[in-house]
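Reader: I'm new to this structure and would love a close look at a single part of it. Could you take me through the salt bridges?

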Amino acid sequence: MRYELYYHAANQGRGEFIRLPLEDAGADYVDVARETGSGLGAEAMLRFMKDVGIEHPPFAPPFLKAGKLVIGQTANILLYLGPKLGLEPKAEAGRLWAHQLQLTVSDLLQEIQGTHHPVAHGLYYDDQKPEALVYTKHFLAERLPKFLGYFERVLGGAKGGHMLGRSLSYVDFTMFQLLEGLRFSFPRTMRRVEAGYPGLVVLHERIAARPRIAAYLKSPRRIPFNDRGIFRHYPELEEQG
Ligand SMILES: N[C@@H](CCC(=O)N[C@@H](CS)C(=O)NCC(=O)O)C(=O)O
């Protein structure tokens, strides 16, 4: 199966939560908007989204085309890919648990987005900076510790070094990417608080050292963090904590 991943070409964003498990599994996939050629590129993604012939049209990227299936929503795509890539438990309870954790990360990502866009998606950061300062102060003091504390507790309780226990799952790649992004966006805060989440730090190192992930991170396929994705670094947002 050759998967087609559709995501904006200019930033890691939510697409990265799909790329990492695909890369680790050595899956055959094409990153449609980032490639050139017939049926590829950003235009192809836009055309696809507007295509009235698609029975289950996605609202927003990322979405995945797998044969005739078109699947949107990051957590939903991972729910689909998990068993295909051997990154999900077989039992229903385990599958639901992995999905639940991924949905909790979706909530967190929305809150992280709010640190630079607390008022409106359509406004520039500079046009909502006063609100971003207030929002981020509360986010870093109250929400981030609540989420990270929860994930650390889940990891500790799982007793096997992975989010779901002994076996690796897509949620482990999600935790890796979360720490990567948070370290980029809020380096000062993360340096200060990370010791409180030792399990997550070790998990991050373990995922980074996996051969295919290590190779991917060094490759041009890994888009560097920038000021267009979910994870952005605006130093002033951290300077009031
Ligand atoms: N809940 C969706 C959110 C999707 C989303 O917000 N995608 C962004 C890029 S990361 C986008 O292109 N949004 C366009 C829009 O919301 O109009 C998911 O987890 O996949």
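How many salt bridges does the count come to?

Author: Happy to help! This is a predicted model, and the count comes to 13 salt bridges. Let's walk through some of them.

A good place to begin is Glu-16, which forms a salt bridge with Arg-19; their closest N and O atoms are 2.7 Å apart. Both residues belong to helix α1 (residues 16–25), where they sit three residues apart, about one turn of the helix. Glu-16 and Arg-19 are both buried.

Next, look at Arg-143 and Glu-111. This pair also forms a salt bridge, with 2.7 Å between the closest N and O atoms. Arg-143 lies in helix α5 (residues 129–158) while Glu-111 lies in helix α4 (residues 92–116), so their pairing ties together parts that are 32 residues apart in sequence. Arg-143 is partly exposed, its relative accessible area being 30%. Glu-111 has a relative accessibility of 17%, so Glu-111 counts as buried.

Now turn to Glu-180, whose salt-bridge partner is Arg-222; here the closest N and O atoms are 3.0 Å apart. Because Glu-180 is in helix α6 (residues 170–185) and Arg-222 is in the segment after α9 (211–218), the pair ties together parts that are 42 residues apart in sequence. Arg-222 counts as buried, at 10% relative accessibility.

Finally, some of these residues belong together: salt bridges that share partners join Glu-16, Arg-19, Asp-31, Arg-34, Glu-180 and Arg-222 into one network.

Technical notes: Residues numbered from 1 in each chain as written. Predicted model: local features only at pLDDT ≥ 70, side-chain atom pairs only at ≥ 80, totals over all residues. Heavy atoms only, no water. Salt bridge = Lys/Arg side-chain N within 4 Å of Asp/Glu carboxyl O. Helix = DSSP H or I, 4+ residues; strand = E, 2+ residues; numbered from the N terminus. Buried < 20%, exposed > 50% of the residue type's maximum accessible area, 1.4 Å probe, protein only.
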